[in-house]
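Subject: Structure handover

Hello,

Here is the structure I promised to pass on. Please open it alongside this message, then read my notes below.

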Amino acid sequence: GRMRIDIVTIFPEFFGVLDVSLLGKARERGIIDVAVHDLRDYTHDRHRTVDDTPYGGGAGMVMRPEPWGEALDEVLTPDAVLIVPSPAGERFTQALAKQLATESRLVFACGRYEGIDQRVVEHAASVARVREVSLGDYVLNGGEVAAMAMIEAVGRLVPGVIGNPESLDEESHEDGLLEYPSYTKPAVWREREVPPILLSGNHGAIAAWRREQQVERTRRVRPDLLGDA
Ligand SMILES: Nc1c(O)cccc1[N+](=O)[O-]
């Protein structure tokens with residue numbers, strides 16, 4: 001399924017890496033179109049100002065609504081989902097990634113500073129579906145890194161992007177558990193052996209051992225995924 005992704009940012013060069021990553025192939029094959037837009041191209045003053053001081057006072061700067069309004073007028077179509085990476089957003093999950101991978105059009109609004117004037121999000125919601133989405137509970141300087149992570153997580157789920165689709169369902173968080181540990185040659189490395197079960201050829205026993213590893217690892221590292229306290 002063909003997908004179009006537009007990214008609006010004051011750091012367009014940041015997304016140059018999408019040309020060389022997995023998504024580069026998807027772009028060459030015409031499965032995913034990515035267009036990056038410099039927010040400053042939608043300013044009209046000599047200094048190409050995108051931010052200003054916050055009403056109500058407080059530290060930091062807020063991104064002005066006008067440039068965002070003009071940028072989104074150009075790229076946000078009614079069929080699109082506008083994704084605003086934000087620490088105040090809903091949690092980004094594999095489930096959300098799968099849902100977004102079915103969309104034909106995504107627009108990422110990457111904010112810097114203390115965020116974007118809230119009226120931009122309110123206005124956008126009158127044009128298209130808008131989701132404020134958080135990558136995680138930590139402080140970043142802006143939405144670009146989060147957008148990159150989301151684009152990678154979503155992009156690889158778009159049909160045709162990954163050459164080997166069955167590798168998609170053997171991943172952490174696909175079956176609600178963390179993935180089992182993996183090994184490859186040599187059988188002994190720095191006196192450490194590969195678990196013998198994996199060399200037994202007993203595929204039923206191997207599958208059982210892997211499942212047990214998933215459960216044990218998830219219980220140890222991520223009890224929250226098991227619904228345990
Ligand atoms: N956490 C954070 C932030 O601090 C700034 C922009 C976006 C995010 N996020 O998506 O998680």
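One definition before the notes: helices and strands here are DSSP runs, of at least four residues for a helix (H or I) and at least two for a strand (E), and they are numbered from the N terminus. With that in hand, Tyr113 can be placed in the loop between β6 and α4 (118–124). I come back to Tyr113 further down.

Please keep in mind that this is a predicted model. The mean pLDDT of the chain is 94. Of its residues, 96% reach 70 or more. For the complex, the predictor gives an ipTM of 0.99 and a pTM of 0.93. One caution applies in general: where pLDDT is low, predicted coordinates should not be read in detail.

The chain as a whole

The chain has 229 residues, and 39% of them are buried. There are six helices and nine strands. Along the principal axes, the C-alpha atoms fill a box of roughly 70 × 45 × 35 Å. The chain exposes about 13,200 Å². Carbon and sulfur atoms supply 52% of that area.

Now look at the contacts with a separation of 6 or more. Residues 24 or more positions apart account for 75% of them. As for charges, the chain has 26 positive and 37 negative ones. Their mean positions are 5 Å apart.

The cores

In soluble globular proteins, nonpolar side chains tend to be buried together. Here, the largest nonpolar core has 31 residues. Which of them touch the most other members? They are Ile5, Ile7, Ile32, Phe92, Leu106 and Phe108. Several elements give two or more residues to this core: β1 (3–9), α1 (22–28), β2 (32–38), β5 (81–91), α3 (94–100), β6 (105–109) and α5 (144–155). The largest share comes from α5, with seven residues.

Phe108 is a good place to start looking. Leave aside its neighbours within four places in sequence. Phe108 is then in contact with Ile5, Asp6, Ile7, Val8, Ile83, Ala147, Met150 and Ile151. Another core, of 21 residues, lies apart from the largest one. Among its members are Tyr42, Val120, Ala124 and Ala128.

Three residues to click on

Start with Val107, in strand β6. Is Val107 buried or exposed? It counts as buried, because its relative accessibility is 0% and the cut-off for buried is under 20%. Val75 is 32 residues away along the chain, yet the two C-alpha atoms are separated by 7.4 Å. Beyond its neighbours within four places in sequence, Val107 is in contact with Asp6, Leu72, Val75, Leu76, Ala80, Val81, Leu82 and Ile83.

Leu76 is on that list, so to speak, and comes next. Leu76 lies in the loop between α2 (65–75) and β5. Where it sits in a loop, Leu76 is still buried, with a relative accessible area of 7%. Its contacts, again leaving out neighbours within four places, are Leu82, Val107, Ala124, Val127 and Ala128. For a sense of span, take Leu76 and Arg219. They are 143 residues apart in sequence and 43 Å apart in space, C-alpha to C-alpha.

Third is Ser134, in strand β7 (residues 129–134). Ser134 is buried, with a relative accessible area of 2%. Leaving aside neighbours within four places in sequence, Ser134 is in contact with Ser86, Pro87, Gly89, Glu90, Arg91, Phe92 and Met150. Met150 is also in contact with Phe108.

Backbone details

Which two residues does a cis peptide bond join? They are Lys185 and Pro186, with omega about 5 degrees. Pro186 is in the loop between α5 and β8 (188–189).

Next, two residues with positive phi. Arg48 is not a glycine, and its phi is near 50 degrees. Arg48 is in the loop between β2 and β3 (51–52). It is partly exposed, with a relative accessible area of 33%.

The other is Tyr113, as promised. Tyr113 is not a glycine either, and has a positive phi of about 60 degrees. Its relative accessible area is 35%, so Tyr113 counts as partly exposed.

Best wishes

Notes:
Residues are numbered from 1 along each chain as its sequence is written. This is a predicted model: local features need pLDDT of at least 70, side-chain atom pairs count only at pLDDT 80 or more; totals for chains, interfaces and linings use all residues. Side-chain values use heavy atoms; hydrogens and water are left out. A nonpolar core is a set of buried Ala, Val, Leu, Ile, Met, Phe, Trp, Tyr and Cys residues joined through side-chain atoms within 4.5 Å. Buried means under 20% relative accessible area, exposed over 50%, partly exposed in between (1.4 Å probe, protein chains only). Contact means heavy atoms within 4.5 Å. Accessible areas come from the Shrake-Rupley method with a 1.4 Å probe; for residues, only the protein chains shown count as cover. Lys and Arg count as positive and Asp and Glu as negative; His and the chain ends are not counted. The place of a charge is taken as NZ of Lys, CZ of Arg, CG of Asp or CD of Glu. pLDDT is the predictor's confidence in each residue, from 0 to 100.
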